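Please open the model in a viewer and keep the selection tool at hand. The tour below proceeds from the surface to the aromatic rings.

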Amino acid sequence: MQSMKPIRTPHSLLLFISLVSSLVKIALADGGFCSAPSAFDGDNDSKSIYWKVTDPTLSPSHLQDLPGFTRSVYKRDHALITPESHVFSPLPDWVNTLGAYLITPAMGSHFVMNLAKMQGKSRSGLPPPNVERFIFVVQGSVTFINKSGASHKLMVDSYAYLPPGFDHSVECETSATLAVFERRYASLDNLITELIVGSTDKQPLLETPGEVFELRKLLPPSLNYDFNIHIMDFQPGEFLNVKEVHYNQHGLLLLEGQGVYRLGDSWYPVQAGDVIWMAPFVPQWYAALGKTRSRYLLYKDVNRNPLY
């Protein structure tokens, strides 16, 4: 009788099976792929409202069995930058602060967005000349001090807009995470901007004809300002009615929840902690999924002729 030879499985098939097995393990852990356990799951009372931005449910520790995996995508007219691909390094001119530049002109934007992780005894630097700055507190608290020495305590959901050339500092005794937007101010008819300090919950809900989401604008809509920052809230199952295609650029930080974002011809599952850049005229659309509210912070250039 002829002896049977052992069946050999190709190496590529073994690798594929291993990857599928790892995905199944994550999917089964704690209720689903996008709900992998967090280091803070046992301490709900101590979480800030945007804790998933700094401790995402799909964090690098949950990707150890998937070497080389990332959800980040960069294309000509959009980018999705997810937490497992953030690279932090000392933030220029800031003290004891690490920064991750997530949107910059290198990808085609006319503004910069970074996450600044302030450590103990940390202090901000000043932006370059003619550059305006907007900071939004995602985690912890900071003290904003203006050139006259007046100070404001900024907690989570608080923000400050700093006009170009405004002498100021942001200081932190323990730790905090800020979303920071900067751009060169596009002056118009000698108009000037002013210092603004506020918080999201103090801003009124605005009408959104034909839409169901809730909208707040954190900066005045006047011609003085060449950009605005929107806070947009969606309940589970809600979505944008308009499939937007426009000349404005966007920078987006998903603060809460999860859903699906369409950018161009691609559809991306997204969750709290994800950052999106949208170039002019890229088709864009969002639907909120999951069991909790989606909230995102959105940069939008406004009030300027696109010829300039």
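A residue is termed buried under 20% relative accessible area, exposed over 50%, and partly exposed in between. The model to which this is applied here is a predicted one.

Begin by selecting Val-245, in the loop that runs between strand E14 (227-234) and strand E15 (250-256). Val-245 has a relative accessibility of 48% and therefore counts as partly exposed. Add Tyr-247 and Phe-281 to the selection: with Val-245 they make up a nonpolar surface patch, whose accessible area is about 300 Å² together.

Turn next to the aromatic rings, which form 15 pairs. Select Tyr-50 and Phe-136, a tilted pair with 6.2 Å from centre to centre and 40 degrees between the planes. Tyr-50 belongs to the loop between helix H1 (11-28) and helix H2 (51-54), whereas Phe-136 is in strand E6 (residues 131-140); the pair thus links distant parts of the chain, 86 residues apart. Both Tyr-50 and Phe-136 are buried.

Now select Tyr-161 and Phe-227. Their ring centres are 6.0 Å apart and their planes stand at 55 degrees, so this pair is also tilted. Because Tyr-161 is in strand E9 (residues 158-162) and Phe-227 in strand E14, the pair ties together parts 66 residues apart in sequence. Tyr-161 and Phe-227 are both buried. Extend the selection to Phe-111, Phe-181, Tyr-225 and Tyr-299, which form one aromatic cluster with Tyr-161 and Phe-227.

Finally, select Lys-117 and Phe-88. The charged end of Lys-117 is positioned over the Phe-88 ring, 4.5 Å from the ring centre.

Terms used: Residues numbered from 1 in each chain as written. Predicted model: local features only at pLDDT ≥ 70, side-chain atom pairs only at ≥ 80, totals over all residues. Heavy atoms only, no water. Patch = residues over 30% accessible without salt bridge, like charges linked within 9 Å, V, L, I, M, F, W, Y side chains within 5 Å. Areas by Shrake-Rupley, 256 points an atom, 1.4 Å probe, with all protein chains shown as cover. Salt bridge = Lys/Arg side-chain N within 4 Å of Asp/Glu carboxyl O. Helix = DSSP H or I, 4+ residues; strand = E, 2+ residues; numbered from the N terminus. Buried < 20%, exposed > 50% of the residue type's maximum accessible area, 1.4 Å probe, protein only. Phe/Tyr/Trp six-rings, centres within 6.5 Å; stacked < 30°, edge-to-face > 60°. Lys NZ or Arg CZ within 6 Å of the ring centre and 35° of its normal.
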